[in-house]
Structure formats: structure tokens, C-alpha cells
Amino acid sequence: MLCHMAKETPARGETCGQSWCPPVPPALSRASNSRNAQRFVPFIPLEGIKYETSGKERIRVMTYVLSDIHGHLRRFRSVLEQIRPGPEDTLFVLGDVIDRHPDGIRILAALMASPFVRMIPGNHEDMMLAALADRYDMGRREDMRARSRALALWYANGGEDTHRAVERLSERERNRIFAYLRSLPLSLDTEVNGVRYRLVHGAPEELTPDGEDVRQFSLWQRVMPDDPLPPGVTVIFGHTPTARYQDEDPLRIWYGERRIGIDCGSGFPEIDPAYGRLACLRLDDMREFYSEM
């Protein structure tokens, strides 16, 4: 099953141009004079954004959830400038940081360097790992075909720009990113104001039917309004744009029975009028934040 945006041409992003861009974290620095090297400086100083307290000290820590950034620099920056996460807050990112738009690797590097970010993978990170990081014996015809199929699937779902970005990294940088993605859990649990949340990309892994691959199910399956869910939790998920559940233009966060969909189409192509945007939900008061279109 392919994502519904397969074979769409990703729109080009913009360069940052902000004076407060941080240097590349030491673990991601490059000794390179390539004219493209500067493109991979993480553009958002996540640790450096300060809250505007208007003279009052903010005493509560906050919990934010967003998903499916899909390499869109401007939309991601727009959300961060609204929520302004502090060092004691938690920002949950539910996968699909990469693909469709060109700045996914830069965004991923910034998230990896941010101590208050907790992330799970999406099917797009999994496609990248299958195409580039899995070990293939290129002397075996079966492995050559498997890698070719994995690369074709990734490209059909908007992975070409991401692939070009990865190829410009050093082998050490690539391996560090791949190791980070492999280390991520398929889901995360959190509790805010007495409400227990299960955070997933596609669907809770414990609902995987017998005989099916748990990872594939969790990253590719779509939560439907009447699907059974694990007891005692509200499931927050990305992966499936909320246009599937409600008719809103532009897209908005969707609320069902013990389920919340937060993929509001940041991966959509930039068209006029705009339709998709990046959404973020603050669990402490259920306030919604949306990027510029």
C-alpha cells in the first residue's frame, strides 16, 4: 500500500537566511569545501528559542505533538516560532520528517540535536532505511532486485530529494542518522492531565493481525473512525491526512472517539490556494497550532 501522495512532485523549499542559524552540531560537522555543504546546517536553534512571558514567569512545562513535517522548512519554522519550546518541555515528533519537500535531512539533524525532542519513525524513514541502510549482497541477484524495489518505492513516495541530500553527507554522518532512526521505538506513551496517550505514526502495533509484520503494520496502517483501539488510551497518530475524516479547507486536526489525527498535509505540494499545512497539538490545554500555508 503506497501513501496517497505517491508520485507527486515535491515543491522546492526556501533557504533560511536567518542570522540565528546555529553551527552544525559537532557530530554532524563536515570537513568539506563543497558548494552544497552549507545546505545541511540545521536551520532551527531548537534549544535557543525562548518563551515570551510578557513579564510573567511560565511555571508549567508543556507537551507538544506534531507529525509528518515532510521536509517543509518554512512550515516547520512557523510552528516552532509559535510554540517556542523550552528546555523542560517535550516535543513529540511522530515520524515522516523527510521526503516530498527538500529539507528533511536538515530538519532531522536539528531534531537529533535537541534534548527535548522524542521521536518515532514513519514509513518514509523506514523506506529510506530499506533503500540505503539495509545490507545487501550486491553479488546476489535477489539482493540487487530487493534494493531496486526498495529504491523505486521510496522514489515513488517523494524520496528523491532526500536521497540527494543523504548522498552529500559523509559516511559517518549517514551512519549516525541511520543508527538513530533504527534506535527509535514504534510508539511512545505519555500522560497529561490524567489522560493517557499512545503516540503512533500509523497504528498501534499491538493491533497487528496474526502473521503480519508488526513494523510494517505500525508504520503503514491507517486508523479508521471505527477501528478497535487499545483500552485505556487515546491514540494520536499521523500518516493519514485528516482530509480522510473531515471536510476542512485548510486541513485541521481531527478528533474521533479516543483517537486524534494530526497529519494536516504538510507534505502536500504547494499550490494556490494552499490546502495542506503543519499542525501541532499542545496536550496540556489541547490548543492547536498551525503553520503558515
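In this predicted model, Leu188 has Leu199 as its bridge partner in β5. That pairing offers a convenient way into the sheet, since β4 and strand β5, the latter spanning residues 195–200, run antiparallel to one another and are joined over six bridges. The two strands belong to an open sheet of five strands, in which the order is β4-β5-β6-β8-β7 and the pairing is mixed. The edges are taken by β4 (187–192) and β7 (254–256); each has a single partner strand, so one side of each is left without a neighbour in the sheet. From one strand to the next, the twist averages 20°.

The β4 and β5 pair also brings charged side chains into view. Asp189 forms a salt bridge with Arg198, and the closest N and O atoms of this pair are 2.3 Å apart. The two partners fall into separate accessibility classes: Asp189 has a relative accessible area of 45% and is therefore partly exposed, whereas Arg198, at 10% relative accessibility, counts as buried.

Further salt bridges are found elsewhere, and the count comes to twelve. One of them joins Arg74 to Glu270, with 2.6 Å between the closest N and O atoms. This pair links distant parts of the chain, as Arg74 sits in helix α1 (residues 73–83) and Glu270 in the loop between β8 and β9, 196 residues apart. Glu270 counts as partly exposed because its relative accessibility is 35%. Another salt bridge connects Arg140 with Asp143, where the closest N and O atoms are 2.8 Å apart. Here Arg140 is partly exposed, with a relative accessible area of 38%, while Asp143 counts as buried at 17% relative accessibility, a value that lies under the 20% cut-off.

Arg277 presents another situation for a charged residue. It lies in the loop between β8 (259–261) and β9 (279–282). Arg277 is buried yet has no salt bridge, and the nearest side chain of opposite charge, that of Glu288, is 6.5 Å away. Because a salt bridge requires the nitrogen and the carboxyl oxygen to be within 4 Å, the 6.5 Å to Glu288 does not qualify. A polar atom of the Arg277 side chain does, however, lie 2.8 Å from the backbone oxygen of Leu251. Leaving aside residues up to four places away in sequence, Arg277 touches Arg75, Pro250, Leu251, Arg252, Cys264, Gly265, Ser266, Tyr290, Ser291, Glu292 and Met293. Leu251 thus appears both among these contacts and as the residue supplying that backbone oxygen.

A last site to visit is Leu91, in strand β2 (residues 90–93). With 0% relative accessibility, Leu91 counts as buried. Its contacts, not counting residues up to four places away in sequence, are Tyr64, Leu66, Leu80, Ile83, Phe116, Val117 and Arg118. Two of these, Leu80 and Ile83, carry numbers that fall in helix α1 (residues 73–83). Leu91 can also be placed relative to Met62: the two are 29 residues apart in sequence, and their C-alpha atoms are 8.4 Å apart in space.

Notes: Residues are numbered from 1 along each chain as its sequence is written. This is a predicted model: local features need pLDDT of at least 70, side-chain atom pairs count only at pLDDT 80 or more; totals for chains, interfaces and linings use all residues. Side-chain values use heavy atoms; hydrogens and water are left out. Helices (H or I, at least four residues) and strands (E, at least two) are DSSP runs, numbered from the N terminus. Buried means under 20% relative accessible area, exposed over 50%, partly exposed in between (1.4 Å probe, protein chains only). Contact means heavy atoms within 4.5 Å. Two strands pair if DSSP finds at least two bridges between them. Axes are lines fitted to C-alpha atoms, for helices over the stretch in contact, and angles run from 0 to 180 degrees between N-to-C directions. Lys and Arg count as positive and Asp and Glu as negative; His and the chain ends are not counted. A polar contact is a pair of N or O atoms within 3.5 Å; within protein, one must be able to donate a hydrogen and the other to accept it, and residues adjacent in sequence count only if both atoms are side-chain atoms.
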